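Work through the exercises below with the sequence and coordinates open. Each task is followed by a solution in steps.

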Amino acid sequence: MVNGYGVTIPLDRDEEGRRLLDGNTSRYGASLTQPYSMQHQSQPYGMSNMATERESLTKSHSVHGGGSLSYLTPLQLGRHELYEMIPFTAVFGMQKKEKNMSKAFASYAADLQAFEDDQKLFAQTKQHLSASELVSRKSYTSLVLLDELEMDSVLITTPLIIAVLVSGMSQFLVGFNTGVMNSSSSVVFVGHCTFEWSIAVAAFCLGGPFGAIVAGSTVDKRGRRGALAINAYTFLVGGMLQTFALNMMCITLGRLVIGFASGFSTVLVPIYLGELAPPTLRGTLGTLTQFCLVFGILVSDLLAFPFADEQRWRILFALTPAVSIVQILCIPFLIESPRWLLAKDQKSILARHFIKQLRGLRHEYEVETEVNHFISASNVQCCDNADKLLINMIKDTNLMRLLVCSLFLQMAQQLSGINAVFYYSSMFFEGLIDNPLVGTSIVGAVNCLATYIALLLMEKSNRRTLILWSAGGMLVSSVALVFCLLGYFNKMLSLCFVIGYVSFFEIGLGEL
């Protein structure tokens with residue numbers, strides 16, 4: 001058997017391989033259908049991802065990335081659709097969408113399977129399946145297919161684990177360097193003026209946008225693995241500048257470099273993990289990286305207790321180069337994104353080798369099927385004419401409204417004042433509570449907890465409702481905090497209002 005790439009797929013490897021190619025079994029060996037006849041396989045009837053031939057193929061057919069026809073089992077069709085519908089990015093809170101799409105495709109494939117069985121029985125006996133038999137077959141097939149589609153979410157291979165760990169370190173460093181200046185403001189180069197410290201803190205935000213802009217072109221030119229290596233070395237340079245700083249100017253320069261690396265990481269990590277992970281696991285990995293970020297903020301707060309003094313503050317900053325060195329040592333064990341390799345060369349042997357490692361596949365035909373998923377999904381999600389698309393969005397009234405809303409929400413997130421909490425809460429709590437570090441650490445812990453609560457709420461509520469509650473809660477918390485500082489309430493309540501402010505931010509605006 002020859003597939004769309006001209007690669008011969010052996011039909012006699014083993015009995016399991018023959019059954020999979022015939023579309024008769026699931027990964028567990030559960031029968032889904034009787035073998036199709038050659039006459040049935042050649043019938044022109046409907047398929048989901050065709051353009052001109054959408055209504056001329058059976059569900060057993062699909063299209064390779066190169067445009068050639070191929071034969072897929074119901075399970076493979078479901079995975080094919082998931083690859084095309086779910087973007088190649090690891091996004092926080094996308095698990096609900098993944099589950100719903102898996103259920104929908106499993107139900108759709110089960111309906112087609114039952115209809116096909118009914119037609120086959122009618123061709124042989126001139127009788128249709130009973131209503132109860134149709135329901136039974138649909139239910140069984142749907143459960144088996146759904147179980148198979150969700151197998152990807154628990155099948156985690158070593159290359160994927162290493163990629164998640166290294167990428168998670170980058171996000172951890174983003175969070176750590178967001179909060180590390182908060183607790184060390186009074187011990188680093190004692191005697192600095194407020195203006196010098198403000199410039200050093202703001203340098204992080206200044207470097208971020210430049211890093212994000214450069215990341216887009218770098219990940220395409222150097223590959224995802226190469227870009228991750230560049231990011232690790234950038235964190236190392238910035239961390240060394242901070243750790244061995246001679247004055248506040250060196251601190252500011254180090255913060256600028258680390259800010260650049262943080263912006264770079266924010267773009268790179270979701271792309272890299274999204275292209276390595278199967279569709280049903282991308283939301284989980286996006287959530288994991290978000291937790292790495294907020295955990296980094298919490299760690300910076302906790303490490304301030306032993307190290308935030310005039311003698312040991314450099315140890316606090318040294319964590320950044322230490323983690324970067326661990327990342328660099330792990331780079332040789334990382335694999336390149338198969339999607340990036342296939343975009344460069346659809347016949348890439350290296351891409352097929354990495355796919356085999358990532359998915360734990362054994363046979364050549366399984367690898368080729370997965371390659372087909374990658375290429376087809378990349379073609380569907382391709383945005384080559386970005387300028388033209390932007391012009392079309394501006395001309396379309398409905399799309400323009402969505403674009404404006406998206407921009408204003410992102411602006412609201414950054415202008416909400418949340419950065420003041422993570423950068424200056426220790427200074428804010430001075431005079432309000434006995435130990436400002438305690439208040440800062442409590443806020444960091446609540447930030448982690450609120451991120452988890454946000455994940456649960458996103459599974460049950462729509463984003464619009466969460467954003468409205470988030471903005472309203474932040475407004476009430478801010479007003480109450482002002483009255484507290486003016487002396488209308490007990491000053492200790494200010495900590496509660498700051499906690500409420502952070503919590504409401506995380507459930508809506510923080511997870512845009």
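**Exercise 1. Surface and overall make-up**

Task: State how much area the chain exposes and what share of it carbon and sulfur atoms supply.

Solution. The model is a predicted one.
Step 1. The exposed area of the chain comes to about 24200 Å².
Step 2. Carbon and sulfur atoms supply 66% of that area.
Step 3. For the interior, count residues: of the 512 residues in the chain, 51% are buried.
Step 4. For secondary structure, the chain has 20 helices and two strands.
Step 5. For contacts, take those with a separation of 6 or more; 73% of them join residues 24 or more positions apart.

**Exercise 2. A cavity**

Task: Find which helices each supply at least two residues of the lining of the second largest cavity, and sort the lining residues by character.

Solution.
Step 1. Three cavities of 30 Å³ or more are present in the structure.
Step 2. The second largest cavity encloses about 40 Å³.
Step 3. Its lining consists of Gly-179, Asn-182, Ile-297, Asp-301, Val-421, Phe-422, Ser-425, Thr-440, Val-443 and Gly-444.
Step 4. Place these residues on the helices: α6 (158–183), α10 (282–307), α17 (418–429) and α18 (436–460) each supply at least two of them.
Step 5. By character, the lining has four nonpolar residues, five polar and one charged. Gly counts as polar in this sorting.

**Exercise 3. A residue of α6**

Task: Is Leu-173 buried or exposed, and which residues does it contact beyond its neighbours within four places in sequence?

Solution.
Step 1. Leu-173 is part of helix α6.
Step 2. Leu-173 is buried, because its relative accessibility is 0% and the cut-off for buried is under 20%.
Step 3. With neighbours within four places set aside, Leu-173 contacts Phe-235, Leu-319, Thr-320, Val-323, Ser-324 and Gln-327.
Step 4. Take Phe-235 from that list: Leu-173 and Phe-235 are 62 residues apart along the chain, and their C-alpha atoms are separated by 8.1 Å.

**Exercise 4. Residues of α11, α19 and α20**

Task: For Ala-322, Leu-475 and Phe-504, give the helix, the exposure class and a C-alpha separation to a residue distant in sequence.

Solution.
Step 1. Ala-322 sits in helix α11 (residues 313–330). Its relative accessibility of 39% makes Ala-322 partly exposed. The C-alpha atom of Ala-322 is separated by 9.4 Å from that of Met-240, 82 residues apart along the chain.
Step 2. Leu-475 belongs to helix α19 (residues 463–485). Leu-475 is exposed, because its relative accessible area is 56% and the cut-off for exposed is over 50%. Between the C-alpha atoms of Leu-475 and Ser-416, 59 residues apart along the chain, the separation is 9.5 Å.
Step 3. Phe-504 lies in helix α20 (residues 493–507) and is partly exposed at 28% relative accessibility. The C-alpha atoms of Phe-504 and Met-474 are separated by 5.8 Å, with the two residues 30 apart along the chain.
Step 4. Beyond residues up to four places away in sequence, Phe-504 touches Trp-469, Ser-470, Gly-473, Met-474 and Ser-477.

**Exercise 5. Cysteines**

Task: Why does Cys-484 form no bond with the closest cysteine sulfur?

Solution.
Step 1. A disulfide is a covalent bond between the sulfur atoms of two cysteines.
Step 2. The cysteine sulfur closest to that of Cys-484 belongs to Cys-496, at 8.8 Å.
Step 3. The sulfur atoms of a disulfide lie within 2.5 Å, so the 8.8 Å between Cys-484 and Cys-496 is too far for a bond.
Step 4. The structure as a whole holds zero disulfides.
Step 5. As to accessibility, Cys-484 is buried at 0%, whereas Cys-250 is partly exposed at 22%.

**Exercise 6. Positive phi**

Task: Where do Lys-126 and Phe-189 lie, and what are their phi values?

Solution.
Step 1. Most residues other than glycine have a negative phi.
Step 2. Lys-126 has a positive phi, near 65°. Lys-126 is in the loop between α4 (95–125) and α5 (131–149) and is exposed, with 63% relative accessibility.
Step 3. Phe-189 also has a positive phi, about 45°. The loop between α6 and α7 (194–221) holds Phe-189, which is partly exposed with a relative accessible area of 22%.

Terms used. Residues numbered from 1 in each chain as written. Predicted model: local features only at pLDDT ≥ 70, side-chain atom pairs only at ≥ 80, totals over all residues. Heavy atoms only, no water. 1 Å grid on protein atoms, 1.4 Å probe; cavity = no way out; pocket = protein on both sides within 12 Å on 5 of 7 lines; lining within 4 Å. Points joined across faces, edges and corners; volume = space filled by probe spheres on them. Helix = DSSP H or I, 4+ residues; strand = E, 2+ residues; numbered from the N terminus. Buried < 20%, exposed > 50% of the residue type's maximum accessible area, 1.4 Å probe, protein only. Contact = heavy atoms within 4.5 Å. Areas by Shrake-Rupley, 256 points an atom, 1.4 Å probe, with all protein chains shown as cover.
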